[in-house]
Amino acid sequence: MDITFKGTASALALAIMAGTGASVASADTVEIIYSDTVQETDRRSRLLKDHFGDCLGEGFTFTPYFGATLFKQGTELTALQRGNLDMANLAIFDFYNQVPATSILGTAYLWRDYEHMRATFDSDVLDGLIAEIEEKTGVKVLAWPYIGTRHVNIRGDKKIMTPEDLAGIKLRMPGGEGWQFVGEALGANPTPLAFTEVYTALQTGAIDGQDNPLPADKQMKFYEVTDQIILTGHLIASNTFSMSSQKWNSLDEAQQAKVQECALEFQAAMDEDTIRQEAELVDFFVSEGLDVYEPDKAAFRTHVLDVFKNSRFSADWPEGVLEGINGL
């Protein structure tokens, strides 16, 4: 098949490859441009290149951009829809404005644990919702790689045992009303901030804390500028590993099968690595001088779920999906 470079992403990639002497894909090679907010040194970037990019093999050229250098965090979905980007690892809240029903997947304490989350995605409970995402947003959902369970990480020595203890805490959350509502439901004062700006904001005291999975806390060195990690476990987080429908539909059946195969290989590698790191990192953070402890999780779960159920977000939940998830 002939390749037509469309949009800024493909044009930029071609210019960079030409300028660095890298080989340009031949006419029968599928070029895939990918954008992510995590740094190139992040474990997720390494796993992506090893278990998705390398898995594709001959016939594909996979060109990833990291550290939000190609598209800013939260703008990737628009880039996919405009044909300026081929693939991204999207947060579920990125879909909310176009598919309000996706708010259910951003509900804190929705999953009991990792196994419950994975069992749900492996079942048919979400088939209707995924079909709606694909139809309304023009993306193909390939996989749901597990990136870790999010916990609250703050400066200072104030003990946090219940949501009431987070009152007045300026907690960085990603931009977007869905993410901000999670911070509000936890009891904090949510503050939107780009992922790449969090370290400096913690260092200067512009924010009091942030929430992320333990592997991200280590990768971004947030432990250097915070004092405690409260194991709230409020979001068992997976990303939506997605390709633009335009790109997906340009592939033949064999190419689509290979992309899907490699997406699931990446998912499996991410899951395994995340679970391994989470099992090891509490001891690491304690050795770095942080106070790591579990709060009254029952109090958090009850409070947060009540806030969600009484919010406008719950009005968008697809009928029967919560019951289906709880029944697994």
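Two strands count as paired when DSSP finds at least two bridges between them. Keep that in mind as we walk through this predicted model, starting with strand 6 and its neighbours. Strand 6 (residues 170-173) and strand 8 (residues 209-213) are joined by 2 bridges in the parallel sense, so by that cut-off they pair. To find the spot in your viewer, look for Arg172, which stands opposite Gln210 in strand 8.

Strand 6 also has strand 7 (residues 189-192) as a partner, with 4 bridges and again a parallel run. Here Leu171 is a handy landmark, with Pro190 as its bridge partner in strand 7. Following the chain, strand 6, helix 6 and strand 7 together make a β-α-β unit, and this unit is right-handed.

On to strand 8 again, this time with strand 5 (residues 146-154). Strand 5 and strand 8 pair over 5 bridges, in the antiparallel sense. Gln210 turns up here as well: in strand 8, it is the bridge partner of Asn153. As a general reminder, the strands of a sheet pair through backbone hydrogen bonds, and they can do so in a parallel or an antiparallel way.

Now step back to see the whole sheet. It is an open sheet of 6 strands in the order 7-6-8-5-9-11, and its pairing is mixed. Strand 7 and strand 11 (291-293) are the edge strands, each pairing on one side only. From one strand to the next, the twist averages 40°.

Helix 6, which we met in the β-α-β unit, has a helical partner too. At what angle do the axes of helix 6 and helix 11 cross? Helix 6 (residues 177-186) and helix 11 (residues 297-309) have axes that come within 9 Å and cross at roughly 130°. That angle makes helix 6 oblique to helix 11. The crossing is right-handed. From helix 6, Phe181, Val182, Ala185 and Leu186 meet Phe300, His303, Val304, Val307 and Phe308 of helix 11. Sorted by class, this contact has 8 nonpolar residues, 1 polar residue and no charged ones.

There is another open sheet to visit, with 5 strands in the order 2-1-3-10-4 and mixed pairing. Its edge strands are strand 2 (60-65) and strand 4 (139-143), each of which pairs on one side only. Neighbouring strands in this sheet are turned by 30° against each other on average, direction ignored. At the strand 4 end, strand 4 and strand 10 (residues 240-244) pair in the antiparallel sense over 4 bridges, and Val139 has Ser244 as its bridge partner in strand 10.

Helix 10 (residues 253-287) lies across strand 1 (30-35), strand 2, strand 3 (87-90), strand 4 and strand 10, and runs at about 50° to strand 4. Helix 10 also packs with helix 2 (residues 43-56), at an angle of about 150° and with the axes 8 Å apart. The two helices are therefore roughly antiparallel to each other, and their crossing is right-handed. Which classes of residue make up this contact? The residues divide into 11 nonpolar, 3 polar and 8 charged. Among them are Arg43, Leu47, Asp50 and Phe52 in helix 2, and Lys258, Glu261, Phe266 and Met270 in helix 10.

Terms used: Residues numbered from 1 in each chain as written. Predicted model: local features only at pLDDT ≥ 70, side-chain atom pairs only at ≥ 80, totals over all residues. Heavy atoms only, no water. Axes fitted to C-alpha atoms, helices over the stretch in contact; angles between N-to-C directions. Parallel < 35°, antiparallel > 145°, perpendicular 65-115°, else oblique. Left-handed = near helix turned anticlockwise from the far one by under 90°. Contact = heavy atoms within 4.5 Å. Nonpolar A, V, L, I, M, F, W, Y, C, P; charged D, E, K, R; others polar. Right-handed = clockwise from strand over helix to strand, strands pointing away.
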